[in-house]
Amino acid sequence: MQTHWVDGHVDLTYIALGGRNILKECSTPEEECISIPDLKNSNVKTIAGTIYTSPGDHVLGYDSSENRDAAFSQGKKQLDLYRDLHTQGHINLLHTNQEVPPNSDALEVILLMEGADPIRNIDDVAWWHEQGLRIVGLTWSVGTRYAGGNNCKHGLTSEGKALVSALDAHNILHDASHLSEQSFEDLVSCTDTVIIASHSNSRNLLQTDSQRNLLDEQAKEIFNRGGVIGLNLCTMFLSKTFSKKPQTATINDCVEHIFHLCDLAGNRSQIALGSDFDGGFTPKHLPIGLKHPSQLPTLLQQLQDNGFSEDELHSFAHGAWERLYKIN
Ligand SMILES: [Zn+2]
């Protein structure tokens with residue numbers, strides 16, 4: 001089946017600032033698969049484009065979470081790049097306060113902040129919202145000033161709890177991918193609003209202690225609140241060996257995670273794609289037969305062969321995110 005896609009997690013500016021020309025089609029398929037033309041030519045209409053930062057990251061890091069200005073400037077650098085791409089007509093930045101009219105044929109981008117340190121304090125939230133920010137994950141794996149990440153034991157800090165309320169006041173959605181178990185629990189007790197996991201799979205299927213993927217109870221909490229879970233395509237989060245090695249995951253593994261999550265949801269309308277394509281790992285770490293977004297129809301075919309109806313396929317490819325993000 002041919003249809004358009006919404007991808008719930010793509011590190012577009014991280015990739016660009018890492019040195020790739022994202023305006024040019026990728027030419028070394030072993031090494032890279034994401035650029036604006038690669039996405040457009042693969043019928044990806046919209047992405048949640050990240051503003052990813054983390055202390056110590058070699059591309060977009062800062063010395064410590066306490067250095068608020070340094071974290072802000074790393075986040076702002078990515079916002080500026082998205083805004084430039086919009087001004088030049090290469091993307092259509094959704095919800096932006098920019099005066100340049102949108103190019104309706106361009107790749108749509110909704111802003112997702114992965115790691116909240118660039119929000120210097122709760123008074124910054126209104127400004128970020130004006131810039132188009134609509135989804136925030138409080139932390140990447142190593143933790144931020146606001147929350148413990150999936151490599152941490154601790155939960156939300158008091159500043160983190162205050163930030164959750166400020167985000168709620170601006171209707172900014174919470175992304176639970178990368179939260180520690182304690183952070184997840186704290187988030188759930190701090191807010192009644194929708195929580196998503198933009199790029200996470202089932203921890204129960206993976207049979208690992210790593211907090212990076214979702215326990216069944218966490219997935220159910222997300223579904224009960226009307227949230228959506230985006231399937232991550234990194235082999236490490238698909239194969240039961242929990243290995244990032246090439247060729248350790250297949251499209252069947254993707255289908256298995258999707259079906260498990262659908263069973264927990266009790267429906268097939270709250271699972272979607274959150275590929276994480278190419279963000280910090282190469283196509284070698286993508287499933288066999290799914291090394292490039294142009295191969296996404298193969299995943300749909302496999303879901304159809306396993307009983308997904310046409311409506312359910314449309315929901316997985318784009319509808320689930322579109323309903324939640326109120327786009328289209
Ligand atoms: Zn991530």
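Strands here are DSSP runs of type E with at least two residues, numbered from the N terminus. With that in hand, let's work through some exercises on this predicted model.

**Exercise 1. Place isoleucine 91 in the fold: which strand holds isoleucine 91, and is isoleucine 91 buried or exposed?**

Solution.
- Start with the secondary structure: isoleucine 91 belongs to strand S3, which covers residues 91–93.
- Next, count neighbours. Isoleucine 91 has 27 other C-beta atoms within 10 Å, and the cut-off for a buried residue is 20 or more. Isoleucine 91 is therefore buried.
- Now look at the partners. Leaving out residues up to four places away in sequence, isoleucine 91 touches Ile36, Tyr82, Leu85, His86, Ala106, Leu107 and Val109.
- Finally, try a distance: valine 188 is 97 residues from isoleucine 91 in sequence, and their C-alpha atoms are 34 Å apart in space.

**Exercise 2. Describe how H8 packs against H9: at what angle do their axes cross, and which residues meet?**

Solution.
- Find the two helices, H8 at residues 216–224 and H9 at residues 251–265. Their axes come within 9 Å and cross at roughly 60°.
- Name the arrangement. That angle makes H8 oblique to H9, and the crossing is right-handed.
- List the contact. From H8 come Asp216, Ala219, Lys220 and Phe223, which meet Leu261, Leu264 and Ala265 of H9.
- Sort these residues by character: five are nonpolar, none is polar and two are charged.

**Exercise 3. Now turn to H9 and H10: how far apart are their axes, and how do the residues of the contact divide into nonpolar, polar and charged?**

Solution.
- Helix H10 spans residues 296–305, and its axis lies 10 Å from that of H9, at an angle of about 60°.
- H9 and H10 are therefore oblique to each other, with H9 passing H10 in a right-handed crossing.
- On the H9 side, the contact uses Ile251, Cys254, Val255 and Ile258; on the H10 side, Thr298, Leu299, Gln302 and Leu303.
- Their division is six nonpolar, two polar and no charged.

**Exercise 4. Examine two residues with positive phi: in which loops do histidine 178 and aspartate 276 lie?**

Solution.
- Recall the background: most residues other than glycine have a negative phi.
- Histidine 178, which is not a glycine, has a positive phi of about 85°. You will find histidine 178 in the loop between strand S6 (173–175) and helix H6 (181–190). Its 29 C-beta neighbours inside 10 Å make histidine 178 count as buried.
- Aspartate 276 also has a positive phi, near 65°. Aspartate 276 sits in the loop between strand S9 (271–273) and H10. Aspartate 276 is buried too, with 27 other C-beta atoms within 10 Å.

**Exercise 5. Assign glutamate 310: is glutamate 310 buried or exposed?**

Solution.
- Glutamate 310 is part of helix H11, residues 310–325.
- Inside 10 Å there are 11 C-beta neighbours, so glutamate 310 counts as exposed.
- For a sense of span, glutamate 32 is 278 residues away along the chain, with 31 Å between the two C-alpha atoms.

**Exercise 6. Step back to the whole protein: what is the radius of gyration?**

Solution.
- Begin with the inventory of eleven helices and nine strands.
- The radius of gyration is 18 Å, which agrees with the value near 20 Å for a compact globule of 328 residues.
- Along the principal axes, the C-alpha atoms fill a box of roughly 50 × 45 × 35 Å.
- Of the 328 residues, 51% are buried.
- Last, consider contacts between residues at least 6 apart in sequence: 67% of them join residues at least 24 apart.

Technical notes. Residues numbered from 1 in each chain as written. Predicted model: local features only at pLDDT ≥ 70, side-chain atom pairs only at ≥ 80, totals over all residues. Axes fitted to C-alpha atoms, helices over the stretch in contact; angles between N-to-C directions. Helix = DSSP H or I, 4+ residues; strand = E, 2+ residues; numbered from the N terminus. Parallel < 35°, antiparallel > 145°, perpendicular 65-115°, else oblique. Left-handed = near helix turned anticlockwise from the far one by under 90°. Contact = placed C-beta atoms within 7 Å. Nonpolar A, V, L, I, M, F, W, Y, C, P; charged D, E, K, R; others polar. Rg over C-alpha atoms; globule rule 2.2 N^0.38 Å. Buried ≥ 20, exposed ≤ 12 C-beta atoms within 10 Å, placed from the backbone.
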